[in-house]
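Colleague: Got a minute to go through this one with me? I'd like to talk helix packing, then cavities.

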Amino acid sequence: MSDVAESLVDLPHRILQEAIHVGVNVNESASSGLFFHVDRETVYSKVNSAYRGQVEIMDLKDALKRRPSLRERMWKLVNREKDEYTRETAENWSGGYFMHIKPCAKVTLPLQSCLMITDENCRQRVHNIIVAGERSDSQILSTCAQHQETKAGAHLGVTEIWVENGAKLTFTMVHHWAPETLVRPRTGICIDSDAEFMSNYVCLTPTKDVQMSPRAVCEGLNSKAVFNSVLYVHPGSVMDIGSEAVLNGTRSVTEINTRAITRARSHLISRGTIHGNSDKCRGHLECRGLILDEESILEAIPILIATRSGAELSHEAAIGKLSEEEITYLMSRGLSRDEAVGVLVRGFMDVSVMGLSPAVRREIERVVDLVAGHG
């Protein structure tokens with residue numbers, strides 16, 4: 001595309017600074033590819049020279065011109081009539097990314113995308129397609145952000161992901177929105193035989209209203225889907241966050257894990273749904289929520305649906321407040337009340353078992369430190 005910058009230095013300084021602020025590594029040698037979509041246009045797209053021939057990353061509209069057959073994948077995993085937001089995106093989308101990890105490629109550095117809003121009250125509508133080729137192994141870091149000077153807007157995003165036979169894909173999404181932003185991602189994933197998809201979703205900043213529930217269909221033999229969510233719901237925010245796994249393949253597996261903290265008039269609805277449609281499939285859903293005051297609301301809604309006698313599905317949900325006994329015990333060991341609360345909050349939000357990247361873990365630790373300091 002003629003309007004795409006040739007070099008990162010050609011991008012406005014405020015765009016790069018905001019990207020760095022929200023955790024995007026703009027050092028091209030630190031990623032296998034970089035993609036920037038700002039407001040309603042793609043401004044940068046480039047593959048690291050070390051990974052040419054192994055990955056492709058470009059604006060989806062450009063990709064459709066180069067390979068018209070790609071249209072056959074659009075709206076196959078997400079129904080364009082699903083709701084008003086998918087219909088609006090289908091009618092007037094500004095672009096989005098196409099990522100293709102070639103068969104057998106082992107991509108050791110992450111593919112990075114940054115979808116950013118800088119115009120006040122901008123309605124950003126994007127459509128993304130990802131194809132992880134057979135026996136490939138890769139990770140994607142997708143950051144959705146809003147410039148600090150922009151207070152309101154809307155992000156409508158449709159993402160369709162194919163994980164082909166034997167492939168492994170880790171998809172980490174980090175949301176950094178403004179307090180008056182409406183966020184409506186819609187995601188569908190198809191997982192083939194012996195393939196694995198891991199989704200890590202992190203939202204730790206103030207947002208007006210988020211509603212999302214990615215849906216993974218494990219179609220193949222021994223396919224696997226893992227969803228990890230780490231949420232801090234800020235004062236006045238409303239978040240309706242879910243994950244759905246459909247286990248169609250024999251011996252398909254899913255794990256859905258959520259850690260959440262709410263406070264000060266915030267409202268979180270944490271949903272999880274597992275459909276056991278095949279023999280010997282297994283699924284487990286776990287939600288743990290911590291309420292830090294008397295003004296917030298946290299709802300956990302687990303749903304298990306089995307249509308085969310061989311399906312093994314389970315769930316565990318726990319919502320509560322910090323234990324006064326534990327706080328008192330830590331204080332007896334010499335800690336102040338604030339220090340004791342901080343220790344317990346950090347322990348609750350320990351996500352070391354989730355396999356998150358070091359950069360994402362550092363961001364979680366930073367926000368948890370802030371939460372603990374106000375506990």
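Modeller: Sure. One definition before we start: axes are lines fitted to C-alpha atoms, for helices over the stretch in contact, and angles run from 0 to 180 degrees between N-to-C directions. Also, this is a predicted model.

Colleague: Fine. At what angle do the axes of α4 and α5 cross?

Modeller: Roughly 120 degrees. The axes come within 9 Å. Helix α4 covers residues 324-332, and helix α5 covers residues 337-348.

Colleague: Why is that pair called oblique?

Modeller: Angles of 65 to 115 degrees count as roughly perpendicular, and over 145 as roughly antiparallel. The crossing is at roughly 120 degrees. The two helices are therefore oblique to each other.

Colleague: Left-handed or right-handed?

Modeller: The crossing of α4 and α5 is right-handed.

Colleague: Which residues make the contact?

Modeller: From α4, E324, E326, I327, L330 and M331. From α5, R337, A340, V341, V343 and L344. By class, that contact has seven nonpolar and three charged residues, with no polar ones.

Colleague: Switching to cavities. How many are there of 30 Å³ or more?

Modeller: Five. The largest has a volume of about 90 Å³.

Colleague: Which strand gives that one the largest share of its lining?

Modeller: β11, with four residues. Strands β9 (168-176), β10 (180-191) and β11 (196-203) each supply at least two. The lining residues include F171, M173, I189, F197, Y201 and F227.

Colleague: And how does that lining split by class?

Modeller: Nine nonpolar, three polar and no charged residues in the largest cavity.

Colleague: What about the second largest? What volume does it have?

Modeller: About 70 Å³. Among its lining residues are Y97, L115, N128, H155, M173, R186 and T187. The elements giving two or more residues to that lining are β7 (137-146), β8 (152-163) and β10.

Colleague: How many charged residues line that one?

Modeller: One. The rest of the second largest cavity's lining is five nonpolar and six polar.

Colleague: M173 came up twice. Where does it sit?

Modeller: M173 lines the largest cavity, and M173 also lines the second largest. T187 is likewise in the lining of the largest and of the second largest.

Note on methods. Residues are numbered from 1 along each chain as its sequence is written. This is a predicted model: local features need pLDDT of at least 70, side-chain atom pairs count only at pLDDT 80 or more; totals for chains, interfaces and linings use all residues. Side-chain values use heavy atoms; hydrogens and water are left out. Angles under 35 degrees count as roughly parallel, over 145 as roughly antiparallel, 65 to 115 as roughly perpendicular and the rest as oblique. A crossing is left-handed if the near helix is turned anticlockwise from the far one by less than a right angle, and right-handed if clockwise. Contact means heavy atoms within 4.5 Å. Ala, Val, Leu, Ile, Met, Phe, Trp, Tyr, Cys and Pro count as nonpolar, Asp, Glu, Lys and Arg as charged, and the others, Gly among them, as polar. On a 1 Å grid over the protein atoms alone, a cavity is a set of points where a 1.4 Å probe fits but cannot get out, and a pocket is an open set with protein on both sides within 12 Å along at least five of seven lines; lining residues have an atom within 4 Å of a point. Grid points are joined across faces, edges and corners, and a volume is the space filled by probe spheres set on the points.
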